[in-house]
Amino acid sequence: MKIAVTGTSCTGKTVVSKKIAEILDYRYIDIGEFAEEHNAILEEDVERKTKIVDEKKLKKLLKNIENAVIDGHYSELLSPDTVFVLRCPPQILKERLSKKFHPEKVKENLLAEILDSCLISAAKHNDNTIVFEIENNSVDKTAKTILMLIKNKKVEESIAFKPTRKYLNDESLDLL
Ligand SMILES: Nc1ncnc2c1ncn2[C@@H]1O[C@H](COP(=O)(O)OP(=O)(O)OP(=O)(O)O)[C@@H](O)[C@H]1O
Ligand SMILES: [Mg+2]
């Protein structure tokens with residue numbers, strides 16, 4: 001099974017993905033590193049420090065891998081069996097982003113989180129009944145929830161049955 005873990009930067013994709021990969025004894029794949037190792041980078045936006053990956057090539061390479069947790073924004077594009085979109089309340093996310101990026105990039109990521117960008121991308125590229133949104137308030141709890149959802153396939157918990165836009169309010173927008 002291929003599990004995609006996506007979300008805005010600093011929502012906790014890497015810590016959570018590594019944890020569930022270890023518990024399930026699945027291969028952990030950092031999509032950016034994997035793309036680089038396999039020459040699957042199409043372009044690099046140096047200014048924005050982002051890389052455009054070769055989706056087609058990555059999909060082909062991943063076909064040969066059976067069980068994996070795929071960590072990264074874009075993992076939702078790679079025909080996963082299940083997608084988890086990690087979310088973080090903007091007030092907390094701003095603090096985490098500020099430790100890692102310059103103010104402009106903090107704003108860009110914060111706005112993406114407020115506007116559900118990763119969630120919308122996951123919904124657009126997958127059957128919505130395999131997409132789950134999890135507010136990652138605790139790494140342990142998030143890992144537990146992911147394991148439970150994989151085991152029990154609770155479609156009623158998927159985004160197909162849940163409203164979104166929970167962070168779009170004046171309080172969040174004042175952080176920008
Ligand atoms: N639930 C949580 N509670 C507290 N801190 C957390 C939680 N999840 C992640 N963190 C912390 O937030 C920071 C960002 O986490 P992480 O690197 O996993 O994010 P990411 O989504 O992989 O970011 P990027 O897309 O930039 O790689 C780390 O310092 C991590 O320890
Ligand atoms: Mg990461």
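**Notes on a first look at the predicted model**

1. Let's start at the ligand. Ligand 1 is surrounded by 13 residues, and the closest of them are Ser 9, Gly 12, Lys 13, Thr 14 and Val 15. Keep in mind that this is a predicted model. Helix 1 (residues 13-24) gives the largest share of the shell around ligand 1, namely 3 residues. As for chemistry, the shell around ligand 1 splits into 8 polar, 3 nonpolar and 2 charged residues.

2. Next, the main sheet. In what order do the 5 strands of the open sheet come? They run 2-5-1-6-7, with parallel pairing. At the edges you'll find strand 2 (27-30) and strand 7, and each has a single partner strand, so one side of each has no neighbour in the sheet. On average, neighbouring strands of this sheet are turned by 20 degrees against each other, if direction is ignored. Helix 1 packs on the sheet and touches strand 1, strand 2, strand 5 (68-71) and strand 6. The direction of helix 1 makes about 175 degrees with that of strand 5.

3. Strand 1 deserves a closer look. Here 6 of the 6 residues are buried, so strand 1 is largely enclosed by the rest of the structure. In a regular strand, side chains alternate between the two faces of the sheet. For strand 1, both faces are covered: Lys 2, Ala 4 and Thr 6 are buried on one side, and Ile 3, Val 5 and Gly 7 are buried on the other.

4. Now for the partners of strand 1. With strand 5 the pairing is parallel, over 4 bridges. Two pairs to look up in the viewer: Lys 2 stands opposite Ala 68 in strand 5, and Val 5 stands opposite Asp 71 in strand 5. Strand 1 also pairs in the parallel sense with strand 6, over 5 bridges; there, Gly 7 has Leu 86 as its bridge partner.

5. Strand 5 is covered on both faces too. Ala 68 and Ile 70 are buried on one side, while Val 69 and Asp 71 are buried on the other. Strand 5 is joined to strand 2 by 4 bridges, and the two run parallel. Tyr 28 has Val 69 in strand 5 as its bridge partner.

6. Over at the other edge, strand 6 and strand 7 are parallel and share 5 bridges. If you want a pair to click on, Arg 87 stands opposite Glu 135 in strand 7.

7. Not every strand is tucked away. Is strand 3 (residues 41-45) largely in the open or enclosed? Of its 5 residues, the number buried is 0, so strand 3 lies largely in the open. Strand 3 is joined by 4 bridges to strand 4 (residues 50-53), and this pair runs antiparallel. In that pairing, Glu 44 has Lys 51 in strand 4 as its bridge partner.

8. Helix 6 (residues 117-125) has Cys 118, Leu 119, Ala 122 and Ala 123 buried. Looking down the axis of helix 6, you'd see these buried residues fall within an arc of 135 degrees, so they line one face of the helix. The general reason is that an α-helix has 3.6 residues a turn, so residues three or four places apart point the same way. The cover over the buried residues of helix 6 includes strand 1 (2-7), strand 6 (82-87) and strand 7 (131-135).

9. Another residue to check in helix 6 is Ile 120. Ile 120 has 14 C-beta neighbours inside 10 Å, and so counts as partly exposed. Its C-alpha atom is separated by 9.4 Å from that of Thr 164, and the two residues are 44 apart along the chain.

10. Last, two backbone oddities for a second look. Asp 116 is not a glycine, but has a positive phi of about 65 degrees. Asp 116 is in the loop between helix 5 (103-114) and helix 6, and counts as buried because it has 21 C-beta neighbours inside 10 Å. Lys 153, also not a glycine, has a positive phi near 45 degrees. The loop that holds Lys 153 lies between helix 7 (139-152) and helix 8 (170-173). Is Lys 153 buried or exposed? Lys 153 counts as exposed, because it has 11 C-beta neighbours inside 10 Å.

How values were computed
Residues numbered from 1 in each chain as written. Chains lettered and ligands numbered in written order. Predicted model: local features only at pLDDT ≥ 70, side-chain atom pairs only at ≥ 80, totals over all residues. Buried ≥ 20, exposed ≤ 12 C-beta atoms within 10 Å, placed from the backbone. Pairing = 2+ DSSP bridges. Arc of directions from axis to C-beta. Contact = placed C-beta atoms within 7 Å. Near = placed C-beta within 6 Å. Nonpolar A, V, L, I, M, F, W, Y, C, P; charged D, E, K, R; others polar. Axes fitted to C-alpha atoms, helices over the stretch in contact; angles between N-to-C directions.
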